[in-house]
Structures are given as C-alpha cells and as structure tokens.
Amino acid sequence: MNLVVLPGDGIGPEITVAALQTLERVTQALSLDLAFDVRQIGLASLRSAGTTFPPSVLDACRRADGIILGPVSTADYPAREEGGINASAELRIQLDLYANVRPSRTRDGLAHWGRTPMDLVIVRENTEGFYADRNMYRGSGEFMPTPDLALSVRKISGFASSRIARAAFDLAAVRRRHVTAVHKANVLGMTEGLFLREVREFAKAHPDIAYDEQLVDSMAALLVRDAARFDVIVTTNMFGDILSDEASELSGSLGLAASINFGDRHCMAQAQHGSAPDIQGQNKANPISLILSAAMLIDWLGRRHNDARLTSAARIIETSVDAVLEKPTTRTIDLGGPLGTTAFTTELCKVIDACSP
Ligand code: NAD
C-alpha cells in the first residue's frame, strides 16, 4: 500500500519524521506492505514551485491508499491567486473527506484539565458549514461588497448532515452506544434545524443507541465540568473544530490530538492542531498527535481491506504510546516531561520493538 506523506509547515516536518519512524518500525516488525511517498507542500513548495499545493501532489493523493498530512501555516499563505492553497481544505474538498473523527481521552496518571476523566470522539462534518471556502461551486463564499461590509455564506445540507450522522452512529455502535448532537438551533433555526432533522432520523432508526442533544455554548462548559458523560459527539464543521481543540487540551494537551478525515474512498491522517510556529525547529513539539493519527489511518485501511495485520499495527502503536506516557520521565515537554520530539520517538520505537511479535 502506498501512503503519500506531506510534512507541511512549522512543526509539521518534525512530527512527520516521528510518525514515519514509528510507521517504519511497525512495518518492519509486522512485515506490513506499506510504502511511503514523501512530497513537498506548504511554504517550501511556494518558494520552489510557486504554489503551496502543486497539482501533481493532489494527483498523487488521489492515487494513494492513504495520506498523512502535517499541519500547514495557512495564516502565512498569500492569496490563492498568488499560490497560497490550503492543502488541508483542498484535500477535504477534492477527495470528499466528509468525516473528521477526533478522539480525546484521558490516561491514568497523566494530568488532565477537565474535572472528570474523558473518553469521547467528536465526529465533525468536514465539507460545508461556517467554512465558506468550501461552500461554492465556483468562487468564494466569502466576499466584500464594500470596504466596510464583509459577508460569508454558511451552508448546511441534508445530504452532508445525513452522512455525518451515519458516521457518528456507526462509530457509537462499536463504542459505548451514545450519540450527542451539538447544535445552535435556538438561533440558527433553519440550518441547524436541518442538521438536527437528519441526525434525528438516525436516532429513530437506532433505538439501541442512546441519543441526546446539547447547545454548543453549554457544551463548551460541560466538556470542562463533566466530559465523562459523552461518548460520540456529532456536530457541524466549525463547532467540531473548536470543541475538539478544547476537548484535547482538557484531556492533557493539544499535542495528543489525533484525527482522521475520511470519505467513501479516501482517508487522511492529520493532527487536530496547527503548525505551532512558536515552537517550530526547537525539538519541543509533541509528535503523538500525528503518530496516533497515522495509527487511526492504518486501522481504517485494515478494516477497509480486511487486513488484521494493519489493525494490530494500529493497536501496537496506541498501546506503546500509552506505555511511554505512563512514566513521567518519558513524557514530552507539553505534558510536563523532559523529552523533546526526537527523544520521545526513540523511546516509543523501543517500546514498539518490545511489544511486537
Ligand atoms: P496551533 O494549533 O498551531 O498552536 C496552538 C498552541 O498549541 C501553540 O502554543 C502551540 O505551540 C501548541 N501546540 C500545537 N501543537 C502542539 C504539539 N504537537 N506539541 C506541543 N504544543 C503544540 O494554533 P495557531 O498558533 O493558532 O496556528 C498556527 C498556524 O497553524 C496558523 O498558520 C494556522 O492557520 C495554522 N493551522 C493549521 C491547521 C492545519 O494544518 N490543519 C489547523 C489549525 C491552524
């Protein structure tokens, strides 16, 4: 299987090297059939090729079995006409990666910032909502009729709401069988109402899965107060983006925040966080976010291709990360430990070697 690897900007290259080392370790240990095709994107590509996301890279991603995307410094990109293309948005749109699955869980012995332990997954719609850049067939959904007036188009469709609801109920069926829909239908009655209409259809069809609803603002408070009560949370694009950063930080650190984006044919591993330019090049970044994202990708590939070696490789990575995090002396800096990116990765690879058959 061929995985395209896009290191991205900021801490992206550092955590991508860590994720690749981890994958190479399990590939060797379990004799997996994984090959890695590393391509340049982002600001480095802007300098060498005049665009942050060359068309040839998009083609390679279309052909690949999976993609690993490092964070990208989109805030520093020039306008699209000048080559600034957000690879994350572009891949989600072009490959129709409609579901962004973002788990957050606390670990015994590791400090967390919410009042309760948590083990939840946010299932975020990825192709529309407040993200105006993906809401138009042609042109931008954000526009400025006068210098003093800016508008953006927020789109909610029954189609996108239905397929994200399906992803959430599928996931709940193999977890603790509880879905919470997060919305703001008290204000955005039509759009959020449409989203809820579709989610409720799935709730009706799955009486064996507990279902409830929560307003997004109170959800922000409940994640701090009592995150233990949630299992699978389904929500629209921007609410999911914001709440998942909150949940991950509450679980210990944004550096633990893994995710995959998938559609009916493609899957992309991507950390939940951005390119962290404040710690770029200092060997301080926690690579766990991208390492666990890569594990989620190979788990997705294992299920899709019915390949138990891939799913067990994913389990080995997850249990090895937990084992390394158990000891305060082998934690990363963001978790209060002493280890930088490279030293943590070396420790993790040792544990993977010890766990592998
Ligand atoms: P950020 O997520 O990059 O950083 C927020 C804070 O978390 C920073 O203090 C950072 O040092 C810390 N942090 C993030 N990841 C970490 C890790 N793995 N280990 C340790 N600490 C970590 O958010 P930001 O600073 O608002 O954005 C920086 C850039 O990233 C901007 O250009 C933004 O547009 C871009 N961005 C990209 C993505 C993406 O690629 N999907 C997502 C969000 C933001």
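**Entry 1: Glu-125**

I began with Glu-125, which I found in strand β5, spanning residues 119-125. I note at the outset that I am reading a predicted model. I looked for a charged partner and found none: Glu-125 is buried and has no salt bridge, and the nearest side chain of opposite charge, that of Arg-163, is 5.0 Å away. That separation does not qualify, because a salt bridge requires a side-chain nitrogen of Lys or Arg within 4 Å of a carboxyl oxygen. What I did find is a polar contact of 2.5 Å between the side chains of Glu-125 and Thr-127. Setting aside residues up to four places away in sequence, I listed the residues that Glu-125 touches as Tyr-98, Ala-160, Ile-164, Thr-235, Thr-236 and Asn-237.

**Entry 2: the nonpolar cores**

I turned next to the nonpolar cores, the largest of which has 68 residues, with Ile-68 and Ile-317 making the most contacts inside it. Helix α9, residues 288-304, gives the most to this core, contributing eleven residues. I then followed Ile-68 outward and, again leaving out residues up to four places away in sequence, found that it touches Leu-3, Val-4, Val-5, Leu-6 and Leu-23, as well as Ala-269, Leu-290, Ala-294 and Leu-297. Apart from the largest core lies another, of 19 residues, which includes Ile-41, Ala-60, Cys-61 and Ala-64.

**Entry 3: strand β12**

Since Ala-269 had appeared among the residues touching Ile-68, I looked up strand β12, residues 267-270, and found both of its faces covered. Cys-267 and Ala-269 lie on one side and Met-268 and Gln-270 on the other, and all four are buried. Strand β3, residues 66-69, pairs with β12 in the parallel sense over three bridges, and within β12 it is Met-268 that stands opposite Ile-67. Strand β11, residues 260-262, pairs with β12 in the antiparallel sense, also over three bridges, with Ala-269 of β12 as the bridge partner of Ile-260. I recorded β11 and β12 as a hairpin with four residues between them.

**Entry 4: salt bridges**

I searched the whole structure for salt bridges and obtained 26. I took three pairs and one network for a fuller reading.

In the pair of Arg-80 and Glu-90, the closest N and O atoms are 3.2 Å apart. The two residues are ten apart in sequence, Arg-80 sitting in the loop between β3 and α4 and Glu-90 in helix α4 itself, and the pair links distant parts of the chain. Their surroundings differ in exposure: Arg-80 is partly exposed, with a relative accessible area of 48%, whereas Glu-90 is buried, at 11%.

Arg-166 and Asp-264 meet through their side chains at 3.9 Å, N to O. This pair also links distant parts of the chain, joining helix α5, residues 158-173, which holds Arg-166, to the loop between β11 and β12, which holds Asp-264, over 98 residues. I noted Arg-166 as partly exposed, with 35% relative accessibility.

For Asp-299 and Arg-303 the closest N and O atoms are 2.9 Å apart. Both residues belong to helix α9, and because they are four residues apart there, about one helical turn separates them. Asp-299 counts as buried at 11% relative accessibility, while Arg-303 is exposed at 57%.

Last, I entered a network of salt bridges that links Asp-119, Arg-175, Arg-176 and Asp-231.

Definitions and conventions: Residues numbered from 1 in each chain as written. Predicted model: local features only at pLDDT ≥ 70, side-chain atom pairs only at ≥ 80, totals over all residues. Heavy atoms only, no water. Buried < 20%, exposed > 50% of the residue type's maximum accessible area, 1.4 Å probe, protein only. Lys, Arg positive; Asp, Glu negative; His and termini not counted. Polar contact = N/O pair within 3.5 Å; in protein donor to acceptor, adjacent residues only side chain to side chain. Contact = heavy atoms within 4.5 Å. Core = buried A, V, L, I, M, F, W, Y, C linked by side-chain atoms within 4.5 Å. Pairing = 2+ DSSP bridges.
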